[in-house]
Amino acid sequence: MKRNTLKIVVVIGIILILGMLVYKYAHYRNAIFAYDVKMDYKYDIPKSNTLEIPLQNWKLKIPDSIDKDCSAFLKLKIQSTFLGKWLQPSLEIKSKKYTAKEYFEDGAEGNRYLNITQFAEIGSKELKITGHRLTIEDQMVELSFFKKKDLAKAKILVIGTHPDDAEIAAYGLYSKFPDSFVLNIKSGESGEFKYDEVYTDTVKHYQKKGQLRTWNSITIPLLGGLKPENILNFGYFTDLREMYQKDPENLSSEFAKTSDINTYRKQNISGLKDSLTGTANWNSLVQNFKFILLKLQPDVIVTPYPALDRHHDHQYTTIALFEALKMANIQNGDLFLYSNHYILNEHYPYGKPGSSITLPPNFNNDIYFEGVYSNTLNSDFQKDKLFALEAMHDLRPDTEWRYGIKAVKNALSTAKTELLGGDNSYFKRAVRSNELFFTIPVEKIYDSTIVEKIISGNNKNGFTNSVYKNEN
């Protein structure tokens, strides 16, 4: 009798423990998506850019009218299965020549967008779409398409706020067009005390961190084929929002304890460094932007989308750019806007490396754009991008991996993250089969209503209310 009672107690205990683990797992996974995953994604795409086509028995045909030089997206209604509420659901898109996979939120339901640009580019005409932990019924789907700008002869300026931003957003783009120019705004010396096993002096640590990251920003684009003359880091080291708010005050680095703008700027090897002026204040930043713009006369400017990127430094980078464009009276060209820290969560784009980046979660038609540019990356470009990111000091593991028990602790933490599906590293989010940009003509920044949308969105909750704690 006692033995049976003990068995019952053990079974009940196991059930309770499993229940607690399942509850904790579900709570953790749901916390990743800080919105109702059953809401439809909404995008205000002009009717002239859309077609309705039937999806029947998981198959659809792409009309012959769709140009190979288009970015193309399918809007369709999905429904997660029971398992899809616990394990990330996905869709597999397949043609005779190519197979792609796209992932969605746990429990996703409603309208979502599939990126089929790569299928349009290779001339695929029939697609088969299969759900994994997802169901899709026969339906009329909306095909959206955007004619791509020909970049073969375009002058491209890629702007990254911190070392690694340009690579995360657009390494594949500037590698395809190696006459591009990569401009970094900051040294990146602040943020996490990452090398504490090597440096006990915090000031020396941050000085070295800034030196290493500035060096990364100047040398990594060389892997993409850029000329040394076409790579520059302005070397700023203070919070850009603070620079904006305290203009014209000259600011010092809180971490590296310096007010000398040449602390990191002197590492540049491009001859353009000798034409940079000013100190660590807002006006100097805008003036240096103006100099670069007039010198390069870019046809395409790749820069953060302030209303979609929650990092204050990224937001104010583009605000400074807009001031410089207006100051220089530049109205030609296009903006290619990206987000490395998507405003709703740090896990977008969802799913595994190598899968597609599609249109992000949006529920109020509040993303302003006139086009979408999906830059397809084949497996070779993805591998190159992986190693470019791996060469960035700040994206590598902490130096604790070199020290016994700390290495074990780090490994256990990594295993836990993988098990719970909480990995949001850039190796997972950025090494994909494409890079995605919202495009807007430069001339539109002379319309204050449009600028308001780009900076803060229609809901006016953009950069002023966003918070990004790990600023670097």
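Start with β16, residues 434–441. In this predicted model, β16 gives the most to the lining of the largest cavity, with four residues. Select the strand and look for the space beside its residues.

Next, add the other contributors. α3 (165–176), β14 (334–338) and α11 (426–429) each supply at least two residues of that lining as well. Colour each element separately to see the parts of the wall.

Now go to the middle. The largest cavity contains about 290 Å³ of space. Its lining counts 21 residues, and those closest to the centre are Ser 339, Asn 340, Tyr 348, Ile 357 and Leu 436. Show these five as sticks.

Then colour the lining by class. For the largest cavity, 16 residues are nonpolar, two are polar and three are charged.

How many cavities of 30 Å³ or more does the structure hold? There are three. Move on to the second largest, with a volume of about 110 Å³. Select Tyr 103, Tyr 348, Tyr 350, Thr 358 and Leu 359, which lie nearest the centre of this second cavity. In total, 16 residues line the second largest cavity. Two elements to select here are β5 (99–103) and β6 (109–115), the ones that give two or more residues to this lining.

Colour by class again. The lining of the second largest cavity divides into 11 nonpolar, two polar and three charged residues.

Finish on Tyr 348. This residue is listed among those closest to the centre of the largest cavity, and Tyr 348 is also listed among those nearest the centre of the second largest. Keep Tyr 348 selected and view both cavities from there.

Definitions and conventions. Residues are numbered from 1 along each chain as its sequence is written. This is a predicted model: local features need pLDDT of at least 70, side-chain atom pairs count only at pLDDT 80 or more; totals for chains, interfaces and linings use all residues. Side-chain values use heavy atoms; hydrogens and water are left out. On a 1 Å grid over the protein atoms alone, a cavity is a set of points where a 1.4 Å probe fits but cannot get out, and a pocket is an open set with protein on both sides within 12 Å along at least five of seven lines; lining residues have an atom within 4 Å of a point. Grid points are joined across faces, edges and corners, and a volume is the space filled by probe spheres set on the points. Ala, Val, Leu, Ile, Met, Phe, Trp, Tyr, Cys and Pro count as nonpolar, Asp, Glu, Lys and Arg as charged, and the others, Gly among them, as polar.
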